[in-house]
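Work through these exercises with the structure open beside you. Try each task before reading its solution.

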Amino acid sequence: MQQTEADRNDAMPTRRGLLRGAAACALTAAAAGPDAAQAALRPIPFGSAAEIDAFRSDARYREALKRYCDVIVPMNDLKWQGLRHDRPRFDFSGADEIVAFAQANRKALRGHTLLWGDALPPWAKEMTTRAEAERELVNHIEIVVDRYKGRIATWDVVNEVIRYEPSPDTPLRDTIWQRLLGPEHIEIAFRTAARVDPKARLVLNDFLFEEAAPAGAARRKVALDIFRRLRDKGIPVHGLGIQAHLYGEKDLDLDGLQRFLRDLDALGLDVEITELDVIDWKLPADPVLRDKLAAARVSSFLEAVVAAKRPKAIVTWGLTDRYSWVPDTFPRQDSARARPLPLDTDYRPKPMMAVLERFRRGTA
Ligand code: XIL
């Protein structure tokens, strides 16, 4: 999300611990009688994005990833900017480190992202022809998806392709991809990813589907239109990633969101919550109150989602308030530190973590 615009898994590797936990949970519920069995939800894998500098320098960060996560997403290292600083040479160093850590600790992986209008190296923004853009896009996806085939089970194939406030004439965001390839950039990306790794789960990832303002409904409609078009053309697509950067101060359209989730379900699509955090720039400064409000927001959002459609995973965009994009993009007017995530700066769980753990255990 740009500041201007911004005021703007099931194909997962073995999660034996989690599955054992799920079985134990179901047994306990069954033993307690049919009502309890009904009330028990299936556990939902929980995860976080991992930021490479923190990952490398802070042992407590790595411990938190091990302790809390079933799923890990390299936060920036699979973006074009991370991989393609030099046009001819791919730099996989950061992504490889996080992928190896995830594998060593039996965490599933999400790949973020194969196509985005942001986080592009300068040379990519200077492409001039359709042929060049298509060649670069296809080549990039072939190399990246092939390298992590069998290890990264789910890909955010395209990220933030929906216009911030779409209109019927201009549903898609104005990016280098849209300018050079038109709406077909979405199809090219999905088709290529599916060809290279036919077993991968392929996701369209975007934001502000929960927005109460008219843009929310318009954005949901564009997402459904994209999915229908991909389906009509026989292009594989498996689900929607709902970023869920939730504004603390705005109303949520939970009814609209639930209708949308049912529409996605009818199309045979999965959903995942992919970048959850609470944008707390306009919430009261008091940290105890702010944490309470943030937890309540996450709780009502997730409860509404789960009631309409169980997401395949719930992933936050970082774990600790020590490292988050929120204060950079959504700075507070006062000097209070941002508190968008489930752990505080000292790695102590906040009320938001208790909410997330309920969904992870399946006891929400
Ligand atoms: C953000 C990262 O968290 C920052 O570290 C980076 O500087 C900019 O990108 N939507 C997305 C993510 O899809 O990739 C963005 O991540 C946050 C908004």
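## Exercise 1: A loop residue and its neighbours

Leu267 touches Leu224, Phe227, Arg228 and Arg231, leaving aside residues up to four places away in sequence. The model is a predicted one.

**Task.** Place Leu267 in the chain, then decide whether Leu267 is buried, partly exposed or exposed.

**Solution.**
1. Find the segment. Leu267 sits in the loop between helix H13 (254–266) and strand S8 (270–279).
2. Take one contact, Arg231. Leu267 and Arg231 are 36 residues apart in sequence, yet their C-alpha atoms are 8.9 Å apart in space.
3. Read the accessibility. The relative accessible area of Leu267 is 21%. Buried means under 20% and exposed means over 50%, so Leu267 is partly exposed.

## Exercise 2: Two helix pairs

**Task.** Describe how H9 packs on H11, and how H13 packs on H14.

**Solution.**
1. Start with what to report. Two packed helices are described by the angle between their axes and the distance between the axes.
2. Apply this to H9 (residues 130–147) and H11 (residues 184–196). Their axes come within 9 Å and cross at roughly 30°. Angles under 35 degrees count as roughly parallel, so H9 is roughly parallel to H11.
3. Add the hand. H9 passes H11 in a right-handed crossing.
4. List the contact. From H9, the residues include Arg130, Glu134 and Leu137; from H11, they include Glu184, His185 and Ile188. By class, this contact has eight nonpolar, two polar and six charged residues.
5. Turn to H13 and H14. These helices pack at an angle of about 35°, with their axes 9 Å apart. Their crossing is right-handed.
6. List this contact too. H13 brings Leu254, Leu257, Gln258, Leu261 and Arg262, while H14 brings Ser300, Phe301, Ala304, Val305, Ala307 and Ala308. The classes are eight nonpolar, two polar and one charged.

## Exercise 3: The nonpolar cores

**Task.** Which residues have the most contacts inside the largest nonpolar core, and which helix gives the largest share of this core?

**Solution.**
1. Recall the trend. In soluble globular proteins, nonpolar side chains tend to be buried together.
2. Look at the largest core here. It has 97 residues, and Trp155, Trp177, Phe190, Leu276 and Phe301 have the most contacts inside it.
3. Find the main contributor. Helix H14 (residues 287–308) supplies the largest share of this core, eight residues.
4. Look for a separate core. Apart from the largest one lies another of 17 residues, among them Leu208, Tyr247, Ala313 and Trp317.
5. Zoom in on Trp177. Its contacts beyond four places in sequence include Trp80, Leu115, Trp116, Leu137 and His185.

Definitions and conventions. Residues are numbered from 1 along each chain as its sequence is written. This is a predicted model: local features need pLDDT of at least 70, side-chain atom pairs count only at pLDDT 80 or more; totals for chains, interfaces and linings use all residues. Side-chain values use heavy atoms; hydrogens and water are left out. A nonpolar core is a set of buried Ala, Val, Leu, Ile, Met, Phe, Trp, Tyr and Cys residues joined through side-chain atoms within 4.5 Å. Buried means under 20% relative accessible area, exposed over 50%, partly exposed in between (1.4 Å probe, protein chains only). Helices (H or I, at least four residues) and strands (E, at least two) are DSSP runs, numbered from the N terminus. Contact means heavy atoms within 4.5 Å. Axes are lines fitted to C-alpha atoms, for helices over the stretch in contact, and angles run from 0 to 180 degrees between N-to-C directions. Angles under 35 degrees count as roughly parallel, over 145 as roughly antiparallel, 65 to 115 as roughly perpendicular and the rest as oblique. A crossing is left-handed if the near helix is turned anticlockwise from the far one by less than a right angle, and right-handed if clockwise. Ala, Val, Leu, Ile, Met, Phe, Trp, Tyr, Cys and Pro count as nonpolar, Asp, Glu, Lys and Arg as charged, and the others, Gly among them, as polar.
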